[in-house]
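Dear colleague,

I am passing on to you the structure that we discussed, and below it I have set out what was found on going through it. Please read the notes with the structure open beside you.

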Amino acid sequence: MMSGTDATHLVPQSPKNKIAYRVYPESTDASAAVAREIATLIRERAAESRMAVLGLVAGSSPVNVYAELIRLHREENLSLANVITFNLDEYYPMSPDCLQSHARFMHEHLFDHVDIRPENIHLPDGTQPVETIADGCAAYDQELIDAGGIDIQLLGIGRTGHIGFNEPGSGTDSRTRMITLDGMTRIDSASHFFGVENVPRRAITMGVSTILQARKIFLLAFGEGKSSIIARTIEGELAPSVPATSLQEHTDAELILDRAAAAQLTVIQSPWLVDKVAWDDAMVRRAVIDLSQALQKPVLMLVDGDYNENGLQDLLAEHGSAYEINLRVFRHLQSTITGWPAGKPDQPGVVFPKRIVLFSPHPDDDVISMGGTLTRLAGQGHEVHVAYQTSGNIAVFDGDAIRFAKFAREFCKEFDLLTPPVVELTKRMIEFLGTKDHGEVDIPEMQRLKGLIRRGEAEEGAIVCGVPAERLHFLELPFYETGVVRKSPISDADIQITVDLLREVQPHQIYAAGDLSDPHGTHRTCLDILLAACERCGEDEWMSQCVIWLYRGAWQEWAPHEIEMAVPLSPQEVDRKRAAIFKHESQKDRALFPGADAREFWQRAEARNAHTARTYDQLGLAQYQAIEGFVEYKRPQS
């Protein structure tokens, strides 16, 4: 069950841990805590008339740390005049003013907003001649030594377990050097470069030995996508194949995690194996489903011996026989399955038909993640609206945009509608794309054209699901419309646009993306905006009766113990969902931002829905072709 943010963070203990870590409810909480510790160091050193030396890192993980340091500088008089910084890495070759440059990232997210002295900023040089790199790296290490060594080093972590650009195989004796990037690292960086083919093949990075010489290390990891490698780093054996495990040898290293990144740690995933737990309904379901899957036995086939032999003696002692526990969990699972996601027309006390708003972060998330349920809701007579929160324009290939620009020109010419402004506009678009550099920001007209391409596809996909065009809302939230992967902070305008739609429709149900593993964080931002809008509408009469359901599917799926509503799909409904996804032609065959999964989005969606159905079948429930799962969002109690 999803709930509101806790005010405190959790510090779990486990004998399996080989490195210290902290788990916070949200990444913003974690980032603020790290920023406060950095600020404390800076102030202590300033009081001693000494310099504080920070090892910094670019990327999404530290963004909120830097934002909090800027806030502390502006609002609480934190000065960074006594700070020396050394950045962890840089692509090679890379100009410091390039959009993807780590140097530019640092200036935009920290240096340009505080009073740090330019001469105290140290960045690997991605422009130096290749024959001088070895000497340049040695000089970089010497500057670090001359500064007195790093007091606090910030790190992120890649899916391969790399820290900095120290790829698998990097030894603990490695120093700052040039390195060839792993294929997975380049895929993960592809979204920032508008295609993996544009990602540099090499980089300059501090070595593992350089990193380990820092006095204090914070490794930041947020989101479900990091959970597997985090579990390997904390609980696995020290291995060069996972460079992050080298932190196990450091005397003062901590991993700073949100709940999602910590999800696969034993203390989170199977806490009953670590310590005594409170056997509430949610914990009982987790344990029984985990046991059923581990033993590959249906829930109702589990016996007392299965519980006793797999660390669940306390559960058995507290709740009686396996039979009673099994039945309790089975009945819950059975109750989640429904073909009527908004209720039946003859159900007592149920409003029917309902007004429903499905919020889709990108123009295809609605059909990818819950196209079957969307079809059900529309087909059962509900007033269904779809709100596309962003234009999705940066995900359109330039080749597709050129084709549409040329079509527009030829269409006008064919029907004698060609005017000088049309000629000039299409010429400017075509010429721009013909000379555009990799990663260059599109001109505003091109951004609008790409947005129109996505809008047309969204309309066609929704119509396949039975939602008429007049109930489609293209919000184009301002935070997204930057033309690049890096987005603006959430503004009041983003929230107010959403509030206006909610108050116009006054929905009985809201569906929103709870799939927070997308590579560049748009889903998470869109959910934050929606929840802020719902809070702003909190006193509205309709809001008290509104239920918010969270879907997944584009990047991963809900675990069976989390699912609170399971909507089964027939083979025909799976086919219709696929047809709706296919309407998004610009994302078909090859998406510009595919993330870690190389499959097409329709393949991912079908595989995940089929897997959920198989899971229910293996647990002993009815067999279906596919299932879309949902979790109810529980608003914080005031």
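A residue is called buried here when its relative accessible area is under 20%, and because D151 comes to 5%, D151 counts as buried. Please keep in mind that this is a predicted model, and that the values below are computed from it.

D151 is a good place to begin with the charged pairs, of which the structure holds 39 as salt bridges. The side chain of D151 meets that of R45 in one of them, at 2.9 Å from N to O. Since R45 belongs to helix α1 (residues 27-47) while D151 is in the loop between α4 (133-146) and β6 (152-155), the pair ties together parts that are 106 residues apart in sequence. R45 is buried as well, with a relative accessible area of 12%.

A second salt bridge joins K450 and D398, at 2.6 Å from N to O. K450 lies in helix α16 (residues 444-464) and D398 in helix α14, so this pair ties together parts that are 52 residues apart in sequence. Here K450 counts as buried at 2% relative accessibility, whereas D398, at 25%, counts as partly exposed.

The salt bridge between E68 and R71 (2.9 Å, N to O) is set within helix α2 (residues 63-75), where the two residues are three apart, about one turn of the helix. E68 is buried, at 15% relative accessible area, and R71 is partly exposed, at 28%. In addition, R22, E37, K216, D252 and E254 are linked in a network of salt bridges.

Turning to the aromatic side chains, the count comes to nine aromatic pairs. In one of them, the rings of F411 and F415 have centres 4.9 Å apart and planes at 45 degrees, so the pair is tilted. Ring pairs link F407, F411 and F415 into a cluster, and these residues, together with L417, make a nonpolar surface patch of about 430 Å². F411 itself is found in helix α14 (residues 398-414) and is partly exposed, with a relative accessible area of 38%.

Two rings also have a charged side chain over them: the charged end of R552 sits over the ring of W558, 3.7 Å from its centre, and K588 lies over the face of F582, at 4.8 Å from the ring centre.

Finally, strand β11 (residues 355-360) has five of its six residues buried, so β11 is largely enclosed by the rest of the structure. β11 pairs with strand β12 (residues 383-388) in the parallel sense over six bridges, and I356 stands opposite V384 in β12.

With best wishes

Conventions: Residues are numbered from 1 along each chain as its sequence is written. This is a predicted model: local features need pLDDT of at least 70, side-chain atom pairs count only at pLDDT 80 or more; totals for chains, interfaces and linings use all residues. Side-chain values use heavy atoms; hydrogens and water are left out. Rings of Phe, Tyr and Trp (its six-membered ring) pair if their centres lie within 6.5 Å; planes under 30 degrees apart count as stacked, over 60 as edge-to-face and the rest as tilted. Buried means under 20% relative accessible area, exposed over 50%, partly exposed in between (1.4 Å probe, protein chains only). A charge sits over a ring if NZ of Lys or CZ of Arg is within 6 Å of the ring centre and within 35 degrees of the ring normal. Patches are made of residues with over 30% relative accessible area and no salt bridge: like charges are joined within 9 Å, nonpolar side chains (Val, Leu, Ile, Met, Phe, Trp, Tyr) within 5 Å. Accessible areas come from the Shrake-Rupley method with a 1.4 Å probe; for residues, only the protein chains shown count as cover. A salt bridge is a side-chain nitrogen of Lys or Arg within 4 Å of a carboxyl oxygen of Asp or Glu. Helices (H or I, at least four residues) and strands (E, at least two) are DSSP runs, numbered from the N terminus. Two strands pair if DSSP finds at least two bridges between them.
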